[in-house]
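Visitor: I am new to reading protein models, and I would like to look closely at a single part instead of everything at once. Could you choose one strand and take me carefully through its surroundings?

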Amino acid sequence: MRDDPTFVEQIQRDLRDVRWLGPEEIRSRGRRRSQRKIVVATVVLALAGVSAVAVAAPRKSPPPALPAAAPSASPTRHEITTDALLQPADLPQQVDVQLSQSGLGEPVRLADMLSYCRTSQGRSEGWQTSILSRSQTFVPKRAAPILTQSDGLVTQDLFRLVPETARQLFASLDDLVAPCATWLSVGPVMTAGGTRTGEALHRWSVVRRGFAGDDAAILRDSLTVTRDLETGQPLGDQPSPILVAVVRVGDTVSVLRLGYDGTEAELVQLAVAAAARMCAAANPPC
């Protein structure tokens, strides 16, 4: 085959068609290949990031000390325990029986008569809603064997509210009682001679603030004697004012009422004692 003139001629023709690179072009292609290798190596190092640097330059000094962890916040209290309520030792009289109950989502009712005043005018009751509550009534030793809350010496309702709601309760007290600042109530009255229709003038007001806890107030209803609507004659004696104490400690609110002809000073004293007890349930803690 190698002696075949046809084969030799074909090789010669093919070699004439081959284009050989000049020296400058060979050196130029070599430089481009080197640059591509450098670019690839740079990308790899960039992807490696800090790890590549750490390997190349090991740390010679110890790592800086981490800042001390902040102390953990006090856990949020949810339940209302009995030690957050007034205790028998806080009362001015000795008691035999303590009636109690608890609830969820109860309205913070300050006074039934105030509620009736507002609704009789077509208004809402105006009460804030609690998350949970615990109520108690202390009954004096002389109470009858069959007891109800109306026999109570002191009634306390303790509520846990959303913190902003608890603050709003006190901010809105003046607006709450304003429609009842002068209110004439008319209704049936039980007398020895039967049921009569009577009327009495009520004057609700906020008479004292800021004497206990984070917020505190005394609500008072100074009312006139009830008179027979037909004859104008009095139906009973001059009543004592209705007094209600409201105290806030954190997110807890206590409503206190006296079940006897107690004074404002006595109610304030109980409210101060109640505020000290409420620290056991309040958020944030006292």
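Guide: What follows is a walk around one strand, β10, and then outward to the spaces beside it and beyond it. Please keep in mind that this is a predicted model.

Let us begin with the strand itself. Strand β10 covers residues 252–258, and 6 of its 7 residues are buried, so the strand is largely enclosed by the rest of the structure. Buried here means that a residue keeps under 20% relative accessible area.

The next step is to ask what lies on either side of β10. Strands of a sheet pair through backbone hydrogen bonds, either parallel or antiparallel. One partner is strand β3, residues 154–160, which pairs with β10 in the antiparallel sense over 7 bridges. You can follow this pairing residue by residue: Phe159 has Val253 of β10 as its bridge partner, while Thr155 is matched in the same way with Arg257 of β10. The other partner to look at is strand β9, residues 242–249, which is joined to β10 by 6 bridges and also runs antiparallel to it. Here Ala245 stands opposite Leu256 of β10. Strands β9 and β10 form a hairpin with 2 residues between them, and in that turn Gly250 has a positive phi of about 60°.

If you now step back, β10 takes its place in an open sheet of 7 strands with antiparallel pairing, whose order is β1-β2-β3-β10-β9-β7-β6. The edge strands of this sheet are β1 and β6 (204–209), each of which pairs on one side only. Neighbouring strands are turned by 20° against each other on average, when direction is ignored. Across part of this sheet lies helix α5, residues 163–171, which passes over β6, β7 (215–221), β9 and β10 and runs at about 145° to β9.

Strand β10 also helps to border an open space. The largest pocket holds about 860 Å³ of space, and its lining is made by 31 residues, among which Ala111, Asp112, Ile242, Arg257 and Leu258 lie nearest the centre. Arg257, you may remember, is the residue of β10 that is the bridge partner of Thr155. At least two lining residues come from each of β1 (95–104), α4 (112–120), β2 (132–140), β3, β9 and β10, and by class the lining divides into 13 nonpolar, 12 polar and 6 charged residues.

For comparison, the second largest pocket has a volume of about 220 Å³. Of the 18 residues that line this second pocket, Ser185, Val189, Ala200, His202 and Thr226 are the closest to its centre. Helix α4 contributes at least two residues to this lining too, as do β4 (183–191) and β5 (194–202), and the largest share, 5 residues, comes from β4. The lining of this second pocket has 10 nonpolar, 6 polar and 2 charged residues.

Finally, there is a closed space to find: the count comes to 1 cavity of 30 Å³ or more, and the largest cavity has a volume of about 60 Å³. Its lining includes Trp127, Gln128, Leu169 and Leu173, and by class this lining has 6 nonpolar, 3 polar and no charged residues.

Notes
Residues numbered from 1 in each chain as written. Predicted model: local features only at pLDDT ≥ 70, side-chain atom pairs only at ≥ 80, totals over all residues. Heavy atoms only, no water. Buried < 20%, exposed > 50% of the residue type's maximum accessible area, 1.4 Å probe, protein only. Helix = DSSP H or I, 4+ residues; strand = E, 2+ residues; numbered from the N terminus. Pairing = 2+ DSSP bridges. 1 Å grid on protein atoms, 1.4 Å probe; cavity = no way out; pocket = protein on both sides within 12 Å on 5 of 7 lines; lining within 4 Å. Points joined across faces, edges and corners; volume = space filled by probe spheres on them. Nonpolar A, V, L, I, M, F, W, Y, C, P; charged D, E, K, R; others polar. Axes fitted to C-alpha atoms, helices over the stretch in contact; angles between N-to-C directions. Contact = heavy atoms within 4.5 Å.
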